[in-house]
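Visitor: I'd like a close look at one part of this protein: the way its helices pack against each other. Could you walk me through it slowly?

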Amino acid sequence: FMEFKDEIFKLVDDIVVSEINNESVILNLKTGIYFQVNELGSYIFSQLNQYSTFESLNNKINEEFDVAPNKSEKDLLTFIKDLEIKGLLQYK
């Protein structure tokens with residue numbers, strides 16, 4: 001969590017998001033790689049159209065979904081790291 005604490009990030013511009021039955025499929029136009037996410041992942045994507053902080057993103061998840069704050073924090077960190085590895089995040 002600490003490595004993202006002070007970062008402000010959003011999704012890269014070169015992607016297309018398609019929603020199918022509460023899930024999203026993301027296509028990275030640069031790499032051609034598809035990435036499928038569940039409802040929570042779809043929600044996170046929808047919040048990352050603008051620059052966001054880890055904390056504000058986690059707070060929104062806690063408001064929207066019935067989940068314990070420390071659980072969402074861990075899951076969000078894993079998800080954000082995954083997005084970073086796949087080259088889907090850009091930083092301010």
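Guide: Here is a tour of the helices, with a little about the whole chain before and a few single residues after.

Keep in mind that this is a predicted model. The chain has three helices and six strands. If you follow the sequence from start to end, those elements come in the order β-β-β-β-α-β-α-α-β. The radius of gyration is 13 Å, close to the 12 Å that the globule rule gives for 92 residues, so the chain is as compact as a globular protein of that length. Lay a box along the principal axes, and the C-alpha atoms fill roughly 35 × 30 × 20 Å of space. Of the 92 residues, 36% count as buried. And if you take the contacts with a separation of 6 or more, 52% of them come from residues 24 or more positions apart.

Now for the helices. Two packed helices are described by the angle between their axes and the distance between the axes. Let's do that for each pair in turn.

Start with helix 1, residues 39–47, and helix 2, residues 54–64. Their axes come within 11 Å and cross at roughly 130°. That angle makes helix 1 oblique to helix 2. The crossing is a right-handed one. Who does the touching? On the helix 1 side you'll find Leu40, Tyr43, Ile44 and Gln47, and on the helix 2 side Leu57, Lys60, Ile61 and Glu64. Sort the residues of this contact by class and you get five nonpolar, one polar and two charged.

Next, stay on helix 2 and look at how it meets helix 3, which covers residues 69–85. Here the axes are 10 Å apart and the packing angle is about 125°. So helix 2 is oblique to helix 3. This crossing is right-handed. Helix 2 brings Phe54, Leu57, Asn58, Ile61 and Asn62 to the meeting, while helix 3 brings Pro69, Ser72, Glu73, Leu76, Leu77 and Ile80. By class, that contact splits into seven nonpolar, three polar and one charged. You may recognise a couple of names: Leu57 and Ile61 were in the contact with helix 1, and here they are in the contact with helix 3.

The last pair is helix 1 and helix 3. Their axes come within 12 Å and cross at roughly 65°. That makes helix 1 roughly perpendicular to helix 3. Helix 1 passes helix 3 in a right-handed crossing. In this contact, Gly41, Ile44 and Phe45 of helix 1 meet Leu76, Phe79 and Leu83 of helix 3. Five of these residues are nonpolar and one is polar, with no charged ones. Watch for familiar names again: Ile44 is part of the helix 1 contact with helix 2, and Leu76 is part of the helix 3 contact with helix 2.

With the pairs in place, let's zoom in on one residue from the tour, Phe54. This residue sits in helix 2 and is among those that meet helix 3. Is Phe54 buried or exposed? Its relative accessibility is 1%, so it counts as buried. To get a feel for the distances, find Val16: its C-alpha atom is 22 Å from that of Phe54, and the two are 38 residues apart along the chain.

For contrast, try Asn22, in the loop between strand 2 (15–20) and strand 3 (23–28). Asn22 is exposed, with a relative accessible area of 58%. Setting aside residues up to four places away in sequence, Asn22 touches Asn38, Glu39 and Ser42. Remember that helix 1 runs over residues 39–47, so you can find this loop from there by following the touches to Glu39 and Ser42. Ile80, one of the helix 3 residues that meet helix 2, is 58 residues from Asn22 along the chain, with 20 Å between the C-alpha atoms.

Finish at Tyr91, in strand 6 (residues 89–91). At 30% relative accessibility, Tyr91 counts as partly exposed. Leaving out neighbours within four places in sequence, Tyr91 is in contact with Phe4, Glu7, Ile8, Phe9, Tyr51 and Glu84. Val17 is 74 residues from Tyr91 along the chain, and their C-alpha atoms are separated by 19 Å.

Key:
Residues are numbered from 1 along each chain as its sequence is written. This is a predicted model: local features need pLDDT of at least 70, side-chain atom pairs count only at pLDDT 80 or more; totals for chains, interfaces and linings use all residues. Side-chain values use heavy atoms; hydrogens and water are left out. Axes are lines fitted to C-alpha atoms, for helices over the stretch in contact, and angles run from 0 to 180 degrees between N-to-C directions. Helices (H or I, at least four residues) and strands (E, at least two) are DSSP runs, numbered from the N terminus. Angles under 35 degrees count as roughly parallel, over 145 as roughly antiparallel, 65 to 115 as roughly perpendicular and the rest as oblique. A crossing is left-handed if the near helix is turned anticlockwise from the far one by less than a right angle, and right-handed if clockwise. Contact means heavy atoms within 4.5 Å. Ala, Val, Leu, Ile, Met, Phe, Trp, Tyr, Cys and Pro count as nonpolar, Asp, Glu, Lys and Arg as charged, and the others, Gly among them, as polar. The radius of gyration is taken over C-alpha atoms; the globule rule is 2.2 Å times the number of residues to the power 0.38. Buried means under 20% relative accessible area, exposed over 50%, partly exposed in between (1.4 Å probe, protein chains only).
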